[in-house]
Each structure stands twice: as C-alpha cells, then as structure tokens.
Amino acid sequence: MTTHVTIIGAGLGGLTLARVLHVNGIPSTVYEAESSPTARAQGGMLDIHDYNGQLALRAAGLMDEFRGLVLEGREATRLLDRDGTVLFEKADDGTGGRPEVQRGELRQLLLDSLPAGTVRWGHKVSGTRPLGEGRHEVSFADGGSVVTGLLVGADGAWSRVRPLLSAATPEYTGMSSVETYLFDADTRHPASAKAVGDGALFALLPGKGLTAHREKGGTLHTYAMLARPQDWFAAIDFTDPAAATARIAAEFDGWAPELTALITDTDTAPVLRPLNALRAEHRWNRVPGVTLLGDAAHLAAPNGEGANLAMLDGAELAQALAAHPDDLETALTAYERAMFPRSTEAATEGAELYEFMFGDTTPYGLIDMFTGHEQGE
C-alpha cells in the first residue's frame, strides 16, 4: 500500500491506528491540536477489556508493555448506600478481564511506539473539504493545509472530519458529571480513602450519584453525577470553585461525610463535564477516501467502553488496510461493516447501564446486575 494515511487526533484510537499501520509497514501522520503530549491532563483510570482493548494492543505488539502499566488490585468494586453502608463488594482476585491502567501512561506507551515525527503537535483543524476522487484537504488554524488520499477522523466528540460523512452532532444526554480529586488520600483524607476502597466506588440514588476510583499515589478521582438540564449547571459559577463546590455538594446533603468529602475537600477546582452522545445507530454511507473511529464515529456517555472501542476501531482499520493494500474502498467498507453494529450494541448496552445506575431501581437494580453477571460467568 503506497497511500499515506492522514489521521486527525492523537487520542488512544488515532495512536493505535498509527501503531498498527506501522507494524504492517504502512506510513501515517497524526495531526493533533494539542501543543505537546503533556499539554493537557489525560484523565484517570481505564479498564482495558480482554474482548476489545486488549485485542487492539495485541495487534499493536504492545501487550507485554501494557502489562507493565497495570495497577494491581484496581478491579475491586464496591457499592455503598448514601449513609456509607456497604451494599455490595467484590475484591480484585487477579482473575478479572478488565485490568486498570492510567490513561496518560497508556497514551505515552502508544506515542513511544511510533517512529519519531509521526505525530505533528499544534495542528488544530479549522476545516476539511473534498477534492474529488477520494482526496481531501485538511486546513489548520495556523494557515497550513495537507491533501490526502486517505483521511481518518479520530478527533473525538466534536470531530471536524465527521461533516464529510454525516450531519449528525452530539446531543446532551440529560446528565453531567462534576470532576474532583483528592491527593495523598490515605494520609490526608483517610475516611474517604477507606470508603472508596482499593478500586472503584459507586454510591447511587435515582438521578444522582458519586463514582470514584483509586488511582496511583493514593489519588481519589471522583465524578459527582447529576441528571439536571444544562441551564441548571449554567446557573452555577464554575469560575468560583468554592461556590461551585458548595452548590454541587448541596445535592448530596445528608449523605455520609466520608462521601460528601469527595466533593467538599477537593484538591482541585471542580470541572463540569456535560455528557453528550451521538444516536446509538449513527452510521453513514461510504464516502471514498475518508472514515471515522472512536468518539468521532460513535460518541456515547462514558460506560467503560469508549477507549476500548476506539482502540479496537484503530486496530481493525489498520488490519483492513493491510489486508487490502490495493483497494482502499474494500478495506474501508470491511472496517465500517464491522464497526457499525459493534458500536450500536455498545451504546445500547451503555444506556441500559445508566438506567441501572441512575434509574428508579438503583442501587438494588445495579446490585442485581452485578450478581447476575457473576452467576452467568
């Protein structure tokens, strides 16, 4: 294959694509808006599943390096009542198929696996346009541009490549999260550290909840989840961290202090993260010379599958291109034919998970889901 692949976005999906292309001897360039690999915090923990994300890492030839990043014990899960009572708990016995790693470390592993110069930092896309015969031009905010015979949008929720294929745009799901951190929690916030336990914590009521995870170095990373309209959040001044923290904490009034402290004692300013999604059945007709992967193709509310699906998309797209080196359209058709139903199924299951977590039957419906899953294994 002589076509050089142009990838927009240096997230996990775009980097996996570039890596598996490299393994198969196919050149690519990744254009990323961020100015450097460390320009922005890369989020928290990711559970990398044996049925999708790990398949991608195996195709990338990086499984040994990946295992070196795994944080032991973080697959532990506990569900608490709002008064702090443990309703469900499962320890990490080392046999689970969803080992946890830090997102930033996984991204750096992928970056380190690419030839120097593959990623071009500081290239924010300002527009894309078709030139005919499967060729496209990508324009950048700095005035530069590139013309390519194969363009892949791996540029996330608000993709600038997606309009070449689809008029769809993400819509608000009706829920937002507010992100907080406690650092060195075992020493500085021992009650909250004990409540979270060794891995993931869920404390849920209909329409609201706290989800937290123990990261490296005793860091507790929390999302306060609230089913509220966007104008409700717009009325909160997030430029005033103390006032915003107090307003969010008020929604959990009466909860156990070790739980509310995950919000009120935050060591960082609270960050609002509206949850948006494309429709579960989002797809497009084949357009020569361009496709999408990850959130650009199938954005869903966070459900543990997003990063895994993006990586699998990247790996399978690269493998399809390697399998059909002289026929780009056959490769892209094969990739999309597998990706569309997979992403629809994941989005549908994710919506069902949110109903278990935040619907009228929570937390006991979620416990039934956990225990039923165990019995079915």
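Where is Glu133 found? In this structure, which is a predicted model, Glu133 is found in the loop between strand E8, residues 125-132, and strand E9, residues 135-140. I begin with this residue, which is not a glycine and yet has a positive phi of about 55 degrees. Glu133 is also exposed, with a relative accessible area of 83%.

Just before that loop, in strand E8, we find Leu131, which counts as partly exposed because its relative accessibility is 32%. If we leave aside its neighbours within four places in sequence, Leu131 is in contact with His136, Glu137 and Val147. From Leu131 to Glu89 the separation in sequence is 42 residues, and in space, from C-alpha to C-alpha, it is 56 Å.

Please hold that pair in mind while we turn to Met45, whose place is in strand E3, residues 45-47. Met45 and Val101 are 56 residues apart in sequence, and their C-alpha atoms are 5.6 Å apart in space. Met45 is buried, with a relative accessible area of 14%, and, not counting residues up to four places away in sequence, it touches Leu71, Arg74, Glu100, Val101, Gln102, His213, Arg214 and Glu215.

Let me move on to the helices, beginning with H1, which runs over residues 12-23. H1 has 12 residues and reaches 16 Å from its first C-alpha to its last, which is close to the 16 Å expected at 1.5 Å a residue. How many of the residues of H1 are buried? The count is 10 of the 12, so H1 is largely enclosed by the rest of the structure. The buried residues are Leu12, Gly13, Gly14, Leu15, Thr16, Leu17, Ala18, Arg19, Val20 and Leu21. After H1 comes Gly25, and its phi is positive too, near 75 degrees.

What, then, does H1 pack against? As a reminder for anyone new to this, two packed helices are described by the angle between their axes and the distance between the axes. One partner is helix H4, residues 103-112, where the angle is about 25 degrees and the axes are 9 Å apart. That angle makes H1 roughly parallel to H4, and the crossing of these two helices is left-handed. On the H1 side of this contact are Leu12, Leu15 and Thr16, and they meet Arg103, Leu106, Arg107, Leu110 and Leu111 in H4.

Another partner is H11, which packs with H1 at an angle of about 30 degrees, with the axes 7 Å apart. H1 is therefore roughly parallel to H11, although here H1 passes its partner in a right-handed crossing. In this contact Leu12, Gly13, Thr16, Leu17, Val20 and Leu21 of H1 meet a set of H11 residues that includes Ala307, Ala310, Met311, Gly314 and Leu321.

H11 itself covers residues 306-323, which is 18 residues, and it reaches 26 Å from its first C-alpha to its last, close to the 26 Å expected at 1.5 Å a residue. This helix is mostly covered, since 13 of its 18 residues are buried.

These helices bring us to the interior. The largest nonpolar core has 61 residues, and those with the most contacts inside it are Phe66, Leu106 and Leu321. Which element gives the largest share of this core? It is H11, with 7 residues. Apart from this core lies another, of 28 residues, among them Ala195, Leu210, Ile236 and Trp255.

Leu106 deserves a second look on the screen. Leaving aside its neighbours within four places in sequence, Leu106 is in contact with Leu12, Leu46, Ile48, Leu57, Phe66, Leu69, Val101 and Met311.

Finally, I would like to point out two further places in the backbone. Asp184, in the loop between strand E12, residues 171-182, and helix H5, residues 185-188, has a phi near 50 degrees, a positive value in a residue other than glycine. Asp184 is partly exposed, with a relative accessible area of 37%. Further along the chain, a cis peptide bond joins Thr362 and Pro363, with omega at about 5 degrees, and Pro363 is found in the loop between helix H12, residues 328-358, and helix H13, residues 364-376.

Definitions and conventions
Residues are numbered from 1 along each chain as its sequence is written. This is a predicted model: local features need pLDDT of at least 70, side-chain atom pairs count only at pLDDT 80 or more; totals for chains, interfaces and linings use all residues. Side-chain values use heavy atoms; hydrogens and water are left out. Helices (H or I, at least four residues) and strands (E, at least two) are DSSP runs, numbered from the N terminus. The expected span of a helix is 1.5 Å times one less than its number of residues. Buried means under 20% relative accessible area, exposed over 50%, partly exposed in between (1.4 Å probe, protein chains only). A nonpolar core is a set of buried Ala, Val, Leu, Ile, Met, Phe, Trp, Tyr and Cys residues joined through side-chain atoms within 4.5 Å. Contact means heavy atoms within 4.5 Å. Axes are lines fitted to C-alpha atoms, for helices over the stretch in contact, and angles run from 0 to 180 degrees between N-to-C directions. Angles under 35 degrees count as roughly parallel, over 145 as roughly antiparallel, 65 to 115 as roughly perpendicular and the rest as oblique. A crossing is left-handed if the near helix is turned anticlockwise from the far one by less than a right angle, and right-handed if clockwise.
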